[in-house]
Amino acid sequence: MTVAPGPLLLAVDQGTSATKALLVDPAGTVVAAASAPLGSAHPRPGWVEQSAEEIWQSVTTAVRGCLAGQDPARVAGLGLSTQRESLLLWERATGEPAGPVLGWQDRRTAAGCARLTAEGAGPEIRATTGLPLDPMFSALKAQWLLDTYDPGRDRARRGELCLGTVDSWLLWRLGGGAAGGEHVIEVGNAARTQLLDIHRRTWDDALLGLFGVPRQALPRVTASTGPFRPVLGLAPLRDGTPVAAVLGDSHAALLGHGVFRPGRVKATYGTGSSVMGLVTEPERALAGSELCLTIAWDDGTPAYALEGNIRSSGATLRWLAGLFGQSEGELAARAAEDSGGVHLVPAFGGLAAPWWDNDASGLISGLTLGAGLPQLARAALESIAFQTEDVIAAVDRAAGRVSVILADGGPTDNAALMRLQADTSGRTVERPRVRDLSALGAADLAGTALGLLTREDLAGRARDRDIHRPALPEADRLRRTADWHRAVARSRGHATGPVEVSTP
């Protein structure tokens, strides 16, 4: 590729299963890319852990690969996109992690969640944070880490320990770690901790007391465009390169789609899935909704969004493929055109939006002697489409009709899944042909922060898209949805439908 002279942006997208690095010009053209895989451990049922050091090493590996053969002097700044609710604890003086990273999928705090729910804490927590009580969010993870590694909270109160999400950890390392790193957190990621007053955008003292988290262990909350300390020690990137923007991965994908105002909704398909759209009246949107209110970004003005989280989408395909000793691509290729009445409800750790039912159980229903791997594979794909539509229907109820789904993420490479989503939803699905929307969104915000781009530039940028329009008759769509909801009802312990959506 012949690269035009001029400044470039380095985007790092740190996800659950890999870290990707993209070198992008201000027009959004990807000049170079690299990735580094990342593993996770499951030491007990429901536990999901990662290594903080492995996360950092995956970042350094991806950056080195991306910049190989490139001139680091051309990198004007770095944009960072990260997994969100995952949490870790580390030593301020040395930078040594005090324990594992508790992944966003981790369910070890489910009992604490049930206790707080029984005590009636849910409504007040939701009113303050925009989030329902659920083990996915970081507050109970913080409580578990402190109970395990600093039960008296003495070291945390003295500021000897740092609690942080993945963006906070990476910003600390990028800024020099123990040699000079600053303990900060980007406001959109902070909004996922369940410790932030989402309206005032500050840590909430009542919540800190409820979860037993000393303020001295928490990072300073800052805007998505900082200021952040410049890069130190991320060779071959030059020391002093500005960190210009930080976003949660789902938030970055929304920006990467060019969504800057309400009325359009994106669906990011990954290990789990996130459906998100901007709102102008956050308190009104939150009232009576089954969804989360979150801060998408703050570049001088906070942008609020409604979001529904799905715990298992790509993870469902990975699990089923592993059972049969196949790759995910091979599994998807073998999927039948019809599931034959088989449904797979992937409630491996309960169900998130719009049900928020931690007691739901994963199940496969509708099996007959004629059912085999093709029908199971089809049911796994359908579970992704059905769950996504359940969340988008909740967006309809809260903020008005959604007619177009903007899709991104690895599973969207499967055209059959995209056609299935259009038929399941009765809505048009648009998938940009460019990949890595989270990384590109981080690059876009970094570019605007550095003055290389304007919001008008981003709004006017054309992206080639694959468009899938629904072809299934409405009566068939409604019948299939009703059958799915009956399977969900069984998963939640109900014998038959109808299924009622719970408001957290």
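This is a guided tour of the structure above, stop by stop, with something to select at each one.

**Before you start**

You are looking at a predicted model, in which local features need pLDDT of at least 70 and side-chain atom pairs count only at pLDDT 80 or more, while totals for chains, interfaces and linings use all residues. Residues are numbered from 1 along each chain as its sequence is written, and side-chain values use heavy atoms, with hydrogens and water left out.

Helices (H or I, at least four residues) and strands (E, at least two) are DSSP runs, numbered from the N terminus. Two strands count as paired if DSSP finds at least two bridges between them.

**Stop 1: the seven-stranded sheet**

Begin with residues 292-298, which are strand 16, and 465-468, which are strand 22; these are edge strands, each pairing on one side only. They belong to an open sheet of seven strands with mixed pairing, in the order 16-17-15-14-20-21-22. On average, neighbouring strands here are turned by 30 degrees against each other, direction ignored; axes are lines fitted to C-alpha atoms, for helices over the stretch in contact, and angles run from 0 to 180 degrees between N-to-C directions.

Is strand 16, at the edge, mostly covered or uncovered? It is mostly covered, as seven of its seven residues are buried. Buried here means under 20% relative accessible area, with exposed over 50% and partly exposed in between (1.4 Å probe, protein chains only).

Now add residues 302-310, strand 17, which pairs with strand 15 (residues 273-279) in the antiparallel sense over seven bridges. Strand 17 also pairs with strand 16, again antiparallel, over six bridges. Select Tyr304 to see both pairings: Val279 has Tyr304 as its bridge partner, and so does Ile295. Then step to the turn of the hairpin formed by strands 16 and 17, where three residues lie between the strands and Gly300 has a positive phi of about 120 degrees.

**Stop 2: the five-stranded sheet**

Next, select 30-37 (strand 3) and 243-248 (strand 13), which belong to another open sheet. Its five strands run in the order 3-2-1-5-13, with mixed pairing. Strands 3 and 13 stand at the edges with a single partner strand each, so one side of each has no neighbour in the sheet. The average turn between neighbouring strands of this sheet is 15 degrees, direction ignored.

Add residues 75-82, strand 5, which pairs with strand 13 in the parallel sense over five bridges. To find one of the contacts, pick Leu78 and look across to its bridge partner, Val243.

**Stop 3: strands 6 and 8, and the cavity beside strand 8**

Select residues 87-91. Four of the five residues of this strand, strand 6, are buried, so the rest of the structure largely encloses it. Strand 6 pairs with strand 8 (residues 161-165) in the antiparallel sense over five bridges, and Leu89 stands opposite Leu163.

Strand 8 also leads to the second largest cavity, giving three residues to its lining, the most of any element. A cavity is a set of points on a 1 Å grid over the protein atoms alone where a 1.4 Å probe fits but cannot get out; a pocket is an open set with protein on both sides within 12 Å along at least five of seven lines, and lining residues have an atom within 4 Å of a point. Grid points are joined across faces, edges and corners, and a volume is the space filled by probe spheres set on the points.

This cavity has a volume of about 70 Å³. Its lining includes Leu87, Leu163, Gly164, Thr165 and Trp203. The lining residues divide into eight nonpolar, four polar and no charged. Nonpolar covers Ala, Val, Leu, Ile, Met, Phe, Trp, Tyr, Cys and Pro; charged covers Asp, Glu, Lys and Arg; the others, Gly among them, are polar.

**Stop 4: the largest cavity**

The whole structure holds four cavities of 30 Å³ or more, and the largest contains about 90 Å³ of space. Select Leu351, Ala352, Ala353, Trp355 and Gln387, the closest to its centre of its 15 lining residues.

**Stop 5: the largest pocket**

Which residues lie nearest the centre of the largest pocket? They are Tyr269, Gly270, Thr271, Gly409 and Gly410, out of 44 lining residues. The pocket has a volume of about 990 Å³, and its lining divides into 14 nonpolar, 18 polar and 12 charged residues. Select 314-323 to show helix 11, which gives the most to this lining, with three residues.

**Last stop: helix 15**

Finish with residues 437-449. Of the 13 residues of helix 15, 11 are buried, so the helix is largely enclosed by the rest of the structure. After the helix comes Gly451, whose phi is positive, near 80 degrees.
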